[in-house]
Structure formats: structure tokens, C-alpha cells
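Hi everyone, thanks for coming. Please have a look at the structure on the screen, and I will walk you through a few parts of it.

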Amino acid sequence: MATFTPGPTPTAAPGADLMNCKDHLTWRVEGGTRARPVIVTIMFLEDKLPWEQFVAWHQQLCAGMPRMRARVQELSSPLRRPHWAADPDFRLEQHLQHVTVSGKGTRRDVLETAATLAEVPFCQSRSPWNGYLIDGLDDGCSAYLLKISHSIADGVRLREMFLRQAATDGPTAPSTPSPTAESPAPAAHHRLRAKDAVRRLGKAVQFITQALNDIRDRPYPIPPVKTRFARRYYTTKVPTDPFKSAAVACGGTVHDALVAAVAQGCHRYHRSRGTQRERLRVFSPYAEPPLTARVPFSPMGNHWFIVRFPLRADQPDPRRRIREVRSAVQVAYHRDAADWMGAVARISPLIPLRWFEAGFLRLCASHDFGISNMPGPRAPLSIGGTRAREIYAIAPVMGFAVAVTLLSYRDHCHVTVNIDPDVIADPDLFAQYIHDGLHEIGELHAPAQPTSGDHT
């Protein structure tokens, strides 16, 4: 990928928090009309959570994450990135709501309520996040929903925030984040030589050529012009130890096994619709670039590294699928891999929002699915003293029709499938195929433990 040299650093008010280029990219897309790049977390709690404790918990949360008490200050020049400035009028109650779940309070009702709340635009004059205490569940317990703009932080930073704030025994020091797959050993930075610049330019041309070819090969039918934001959430879980053991036995990681499971579900869905695809395309964010010096962990912002890779669609053997995913990841994610999304983020302010949004979302739509994996804690977490029974993270559907997120918590992998029903004709069937693919891999090592209401 060609190296883009940024211009002079934009000046911001003293004490302001300047957006990095990837923060700015997500913020721009959020200001468009065709996507909602928000991260959603749903926690099903073990008991009913009192409102007073819910509010007090968020007071501590905001104290540890300044962007949750700040608002975005736009600058007049497109070459100058916005910054976060402390909001002198910040009021916590403007970000918190107490809602009652619709319907009979089933898990399906909670997920539909969450999908509706997640697509409501943020108030542009306040920090872009909201917390919801959800009551009316059929088991008498509460659920917690956090909706937060991707421009505040990526999934890894939000995970660290919860590990510090929601630990049952009180705040803990931030842990070192693990990438979604192993990172190659860090290498020292070298001066860019002329031959290296030529090589990177060649890679940029190769990437652009491949991206243009991919855009012409959409995996799903083009939907009519969108007049709404519609999403449908599904959850499932598999025991962590058997799933991880199956991945390791096949020479892969948990992330590889997750991709293999979703790829099989995707293939089965395509086949059920009479579509023949020889290759699937995967869009996967990783926690950090493969070539980077170790730097202190930043508690806010977006620092992800996007990987794209193809997979054989019709591999029937789950063991071979995992090995094929491992090989594909090694080709795409290595110390010489280019940060193409970083380059896109740097030049995006130069492109009118309508054009950039259309091109960016069209590129994302050329993938069969997007996928994320975040290792979570084995120890229980709590919100305001009420323990979380299950935790599900939901990645935004940024153009691609299906986004899958795995968050391990305690002894299970909690998986959420986020589907655009305007693109996927039968989202229930698609989610069922992914559920089956996950359990198929989990049962390679040991039978999955039965759980009630495992797929919703």
C-alpha cells in the first residue's frame, strides 16, 4: 500500500482530544445516511438491577473514559480532523434511559428492542453514547444495553473499559489486550527506501484492482434503495474449552474456528437460495497492526487493522476448513501486510461524504460477512453490583449484510449475528446455519453441553 504523508497536525484547544484518522472515518460514516457505525453490548443479568445503582455505576464509568463526557468539535477545514472537548453542560441523565422490553419479555423481544434502540441516531450536541436499563424480562431479571459510537473507541478499548469497571471485586488495572489472532513478533522500524516505496505502490495498485473486481461480484442481491435502518440480532453460545481445543487440534486459533464455522453457515445459506459461490470473502478487524513497535495501550480511539481474505466456499470437512482459514489468515496478516484501511482513512476527508460513503459501503458489501473475536474474562463481571449472566457484543453492519462477533465470557463463547434483513431474504435461516456451524466445530473435540434457549 502506498504511504500517505499526513499534513501538518491540526491545532485543537488546549486539553482537547484529537481524533485519529480512523476515529474520523467512523465519525464521517456515522454522519451519513446509510450506516450506523455503533458498537452495542447486551448483558443479561442474574437479578433485577435498581436504577440508583445503574446510575452510580455509569458515574464511575464516565470518570474513567473522558470521551464519554465530551462532545465533538468540528473544524471548518476538511483537512483538519475534529477533536473531543469536555462538555461543560454534560449531564449523565441525558444518556441513560429506563425502558420496558416489548412483547412478553422473551430473549427474542429483548433483542428486537435492542436492535430498535441501536438504530436511533445520537444527539449531535452530546457525547455519542447511551445506556439502557431494560426491565420486563420474563425471568424477572434486568438486561443492560450500551450503545456507543465507534468514534469513541474500538471493541478492544471498550472491552478493557468493562474489565476495569465491571469486575466484581472492584476496579482493576487494564490488562494487555490480545489481538483476534496471534501477532507476528514486533520488528524495528526502518527508513523507507526507494525500492520499498515502489513495492508498496505496486501493492496499492494490486489492492485497488482486486477491490474493484470484488465490488462487481456482490455476494447478495442488491436491495432496493434503503429508506430505513433495519437490523436483526441473533445470539448463541458454545462452551469455550471444547471449541478452543478443536481449533488447536486442527492447527488453528479460536478466531480461525469462528471464521470456519461462519463460512460453513454462509455456504449452506447460499446453497439453500440456489446460489453457487466458489469463494467467500471475509472482512475481519484485528486488534493491532502486524508490524508495530509495542507502545503503551491507548484507552480510547480506534487502532484496528483490517484484513480481507478469500476462502473456499464448499469445504465440507470442518477440520480442513479450520486449516484453510489458518493458511488464508497467514497470507493476509503478516509483518509486511499493508494497512489499506489506514490509507483510506487518511484520504477520506478529501472526498465528499456522499461519494465516500457510497464507495466505502459498496466495498464492504462485496464481503460475504464481517467477523470479530474478542477474548473476555473468566471471572464474573457485574453492573452496579448485579452479576452478568451472559454478555454479547454486536459489531455494526457497515455495508456488509452479516456481521458476527464472538466475546468469550466465563466458560462460554458468546456469539452475536447481526443481519441486515433488507439484504438477507431469510435471516432466521442464515442465523440457524451459523449456529449449526459453531456447534459442529465445538463437537469435534467433545459434545457441546446442552443449554436452554441456546439459539435465539
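**A covered helix, a sheet and some charged pairs**

Let's start with helix α3, which is mostly covered: 10 of its 12 residues are buried. Buried here means under 20% relative accessible area, exposed means over 50%, and partly exposed lies in between, using a 1.4 Å probe and protein chains only. Before I go on, a word on the source: this is a predicted model, where local features need pLDDT of at least 70, side-chain atom pairs count only at pLDDT 80 or more, and totals for chains, interfaces and linings use all residues. Residues are numbered from 1 along each chain as its sequence is written, and side-chain values use heavy atoms, with hydrogens and water left out.

Back to α3. Helices (H or I, at least four residues) and strands (E, at least two) are DSSP runs, numbered from the N terminus. The buried residues of α3 include R107, V110, L111 and L117. What do the buried residues of α3 pack against? They pack against β2, β5, β6, β7, β8 and β13, where contact means heavy atoms within 4.5 Å.

Here is a little check you can follow. The expected span of a helix is 1.5 Å times one less than its number of residues. For α3, residues 107-118, that should give 16 Å, and the end C-alpha atoms are indeed 16 Å apart, which agrees.

Now keep R107 in mind, and let's turn to charges. Side chains of opposite charge can pair when their charged atoms come close. We call it a salt bridge when a side-chain nitrogen of Lys or Arg is within 4 Å of a carboxyl oxygen of Asp or Glu. How many salt bridges does a search of the whole structure find? It finds 23.

One of them joins the side chains of R107 and E390, at 2.8 Å from N to O. This pair links distant parts of the chain, with R107 in helix α3 and E390 in strand β13, 283 residues apart. R107 counts as buried because its relative accessible area is 18%, and E390 is buried too, at 7%. Salt bridges also link R107 and E390 into a network with D139, K237 and R389.

Compare that with E46 and R410, whose side chains meet in a salt bridge at 3.5 Å, N to O. E46 is in the loop between β2 and α2, while R410 is in the loop between β14 and β15, 364 residues apart. Are they buried or exposed? E46 is partly exposed, at 38% relative accessibility, and R410 is partly exposed at 28%.

Finally, the sheet. It is an open sheet of six strands in the order β8-β15-β14-β11-β9-β10, with mixed pairing; two strands pair if DSSP finds at least two bridges between them. Which strands stand at the edges? They are β8 (232-239) and β10 (305-312), each with a single partner strand, so one side of each is left without a neighbour in the sheet. From one strand to the next, the twist averages 20 degrees. Axes are lines fitted to C-alpha atoms, for helices over the stretch in contact, and angles run from 0 to 180 degrees between N-to-C directions.

Inside the sheet, β9 and β11 pair in the parallel sense over two bridges, and F283 stands opposite G370 in β11. Helix α8 (residues 318-332) packs on the sheet, touching β9 and β10, and its direction makes about 140 degrees with that of β10.
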